[in-house]
Amino acid sequence: MKKWLAIAISSSILSGCSSFPWQNESEAVDVAVQTIPEVPVASPVDEDSETKQETISEVAEVELTPQQEADLWLRIKRQLTFEAPEVPRLVSQRNWYLNNPTYMERVAKRAQPFMYLIVDEIERRNMPLELALLPIVESAFDPFAYSHGRAAGVWQFIPGTARHYGLEINWWYDGRRDVYAATHAALDYLDALQKRFDGDWLHALAAYNSGEGRVANAIRKNKRAGKPTDFWSLDLPRETRAYVPKLLALADILKNYDDYAQHWLPIDNKPYLAIVEAQSQIDLAKAAEMAELDLDTLHHYNSAYNRWATDPIGPHRLLLPVEHAEKLQAWLTTADNKDLVQWTRHKVKSGESLLVIAKQYHTTAKAIQQANNISGHIIRAGDHLLVPVATRDLDDYSLSADQRLVTKQSQSRGAYKVEHEVVRGDTLWDISREYNVNLRKLASWNGMAPTDPLRPGRKLVVWLPQSEKPSGVVRSLNYKVRSGDSLARIASRFNVTINDIEKWNQISRSNYLQPGQQLKLYVDVTRLNTQS
């Protein structure tokens with residue numbers, strides 16, 4: 001619906017007409033009135049008389065720009081340009097969204113803090129506004145989303161692509177979950193893709209999902225076969241064949257806003273978050289306190305920070321609701337860098353290393369080096385070190401990587417929970433086979449992707465159904481074959497079967513064991529045969 005600014009009409013003209021052609025009950029709320037000075041015009045009866053002047057006004061109609069819309073969805077709607085053909089793949093996706101209004105409402109609530117900054121950046125780059133809807137398809141606007149393909153954040157970057165486009169990933173920080181930084185990186189990537197595919201945005205979007213090589217190969221294959229090379233004609237993975245229609249379906253629903261307004265929870269067309277920069281490491285709890293904001297809320301808007309604080313090396317960017325950003329900025333203006341975190345004095349004990357001390361205080365060796373101007377890793381017993389520490393209990397930082405993992409692993413997924421401690425050589429595939437559980441489910445229970453590497457000592461949870469009640473506490477271990485060992489003797493010692501050992505190690509009982517050979521075993525430590 002077009003909206004107009006109407007300039008005031010003089011009383012003499014108002015008296016001669018009962019209503020304006022656009023002025024009815026349904027449109028009254030869409031009319032804004034701006035008063036301008038009346039323009040005097042000489043009377044046609046007595047041009048010389050100054051007392052008989054009649055005023056008229058000019059009626060000027062000025063269309064609101066998309067940026068002047070009150071609702072951010074309408075700002076996007078008015079700039080949509082992609083065609084949405086009535087093909088089955090698109091229709092089915094559109095029907096799904098229309099039949100799941102609670103999902104749409106949930107997504108809109110998640111998008112509300114971030115959508116303005118995304119739209120603003122897309123417009124600045126003169127890119128299609130349909131791209132503002134892409135995080136709905138990618139992650140449902142969940143900044144903590146993590147896929148089975150190791151993609152993270154609202155834009156679902158995998159590690160390699162993220163680093164290529166300038167997103168840093170380390171112990172403290174994961175730029176894929178930094179909505180501000182990831183938005184810039186995603187738009188850089190999408191712009192590069194559309195140029196790679198000669199301005200074809202559907203090809204670019206397909207490549208964003210499945211990789212440009214795969215899309216390019218599909219195009220070449222169709223060319224050689226004399227077939228069309230548009231997106232709808234390409235032989236692409238099933239996920240990609242649904243991916244682009246999902247975006248087009250969302251855009252089509254928004255384009256027909258008048259029919260589907262109830263599916264778009266209104267979002268004010270104004271900045272919700274403001275950027276505050278800290279020049280050095282800052283405790284997130286301290287930042288929340290000074291901004292007069294709940295810690296979980298602050299951490300949600302700044303989901304890239306994995307720990308209780310930002311990286312020791314600044315500067316850092318924090319996104320906060322405008323009014324809270326002003327309070328934090330005012331404090332940072334007068335605060336000293338040493339006030340941004342809490343410090344403790346640690347006396348080095350014999351045998352301690354920087355890594356040991358860092359683990360004790362939930363920080364990194366690099367942070368301790370920086371705080372104490374240490375260039376190497378050599379420290380001596382009796383030395384005193386300043387160590388940055390959290391101002392609150394680590395459990396209070398419920399959105400840190402560690403606490404999110406605790407929460408995820410605690411969610412009941414079966415009748416029985418088994419805790420598995422990773423040993424060198426373990427893979428998720430091996431562990432899933434040992435417990436006879438689905439690989440993707442095992443990864444999901446532990447906040448991982450199936451291809452993520454495992455480090456020795458990590459604790460994994462395995463959920464088993466009622467039919468597979470565990471008999472005790474299962475641990476995996478590496479056993480070094482001794483002189484005189486046999487599969488039967490080892491099986492007896494660890495209360496397992498020869499078949500199990502063969503399966504775990506992909507060997508046959510016809511093979512001779514060699515002293516020093518390493519065998520992987522999964523044993524119930526409560527049932528070990530200590531007499532063997």
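1. A quick word on terms before we start: helices and strands here are DSSP runs, numbered from the N terminus, with at least four residues for a helix and at least two for a strand. With that in hand, Phe141 can be placed in the loop between H6 and helix H7 (159–164). Please keep in mind that this is a predicted model.

2. Now for the overall picture. The protein chain holds 22 helices and 13 strands. Its length is 532 residues, and 45% of them count as buried. If we take the contacts between residues at least 6 apart in sequence, 68% of them join residues at least 24 apart.

3. Back to Phe141, along with another residue that shares its backbone feature. Phe141 is not a glycine, yet has a positive phi of about 60°. Asn126, also not a glycine, has a positive phi of about 60° as well. Asn126 belongs to the loop between helix H5 (115–124) and H6. Is Asn126 buried or exposed? Asn126 is exposed, because its relative accessible area is 71% and the cut-off for exposed is over 50%. Phe141, in turn, is buried, with a relative accessible area of 0%.

4. Helix H8 deserves a look. It runs through residues 179–196, and at 1.5 Å a residue these 18 residues should span 26 Å; the end C-alpha atoms lie 25 Å apart, so the two values agree. Its buried residues are Val179, Ala181, Ala182, Thr183, Ala185, Ala186, Leu187, Tyr189, Leu190, Leu193 and Gln194. Which elements cover them? Among them are H5, H6, H7, H9, helix H10 (212–224) and E7.

5. Helix H15 can be checked the same way. For its 13 residues, 322–334, a rise of 1.5 Å a residue gives an expected span of 18 Å, and the end C-alpha atoms are 19 Å apart, which agrees. The buried residues in H15 are His324, Ala325, Leu328, Trp331 and Leu332. These residues lie on the same side of H15, because they cover an arc of only 130° around the axis. Strand E6 (273–278), helix H13 (284–291) and strand E7 (316–321) are what the buried residues of H15 pack against. On the face turned away from the buried side you will find the exposed residues Glu326, Thr333 and Thr334.

6. While you are around E7, have a look at the Gly314 and Pro315 pair. The peptide bond that joins them is cis, with omega about 0°. Pro315 sits in the loop between helix H14 (295–301) and E7.

7. Next, the second largest pocket, which holds about 740 Å³ of space. It is lined by 27 residues, and those closest to its centre are Glu138, Ser147, Ala151, Asn209 and Glu239. Helix H6 (134–139), helix H9 (201–210) and helix H11 (238–255) each give at least two residues to the lining. Which helix supplies the largest share? That is H11, with five residues. Sorted by class, the lining has 13 nonpolar, 10 polar and four charged residues.

8. Ser432 is a residue of helix H19 (residues 428–435). Its relative accessibility is 3%, so Ser432 counts as buried, the cut-off being under 20%. Leaving out residues up to four places away in sequence, Ser432 touches Val437, Asn438, Leu439 and Leu442.

9. Gly457 lies in the loop between helix H20 (439–445) and strand E11 (459–464). With a relative accessible area of 34%, Gly457 is partly exposed. Which residues does Gly457 touch, not counting those up to four places away in sequence? They are Glu421 and Val422. Val422 is 35 residues from Gly457 along the chain, while their C-alpha atoms are separated by 5.1 Å.

10. One last loop residue: Ile374, found between helix H17 (365–371) and strand E9 (384–389). Setting aside neighbours within four places in sequence, Ile374 is in contact with Gln369, Ile379 and Leu385. Ile374 and Leu385 are 11 residues apart along the chain, and 9.9 Å separates their C-alpha atoms.

Conventions
Residues numbered from 1 in each chain as written. Predicted model: local features only at pLDDT ≥ 70, side-chain atom pairs only at ≥ 80, totals over all residues. Heavy atoms only, no water. Expected span 1.5 Å × (residues − 1). Buried < 20%, exposed > 50% of the residue type's maximum accessible area, 1.4 Å probe, protein only. Arc of directions from axis to C-beta. Contact = heavy atoms within 4.5 Å. 1 Å grid on protein atoms, 1.4 Å probe; cavity = no way out; pocket = protein on both sides within 12 Å on 5 of 7 lines; lining within 4 Å. Points joined across faces, edges and corners; volume = space filled by probe spheres on them. Nonpolar A, V, L, I, M, F, W, Y, C, P; charged D, E, K, R; others polar.
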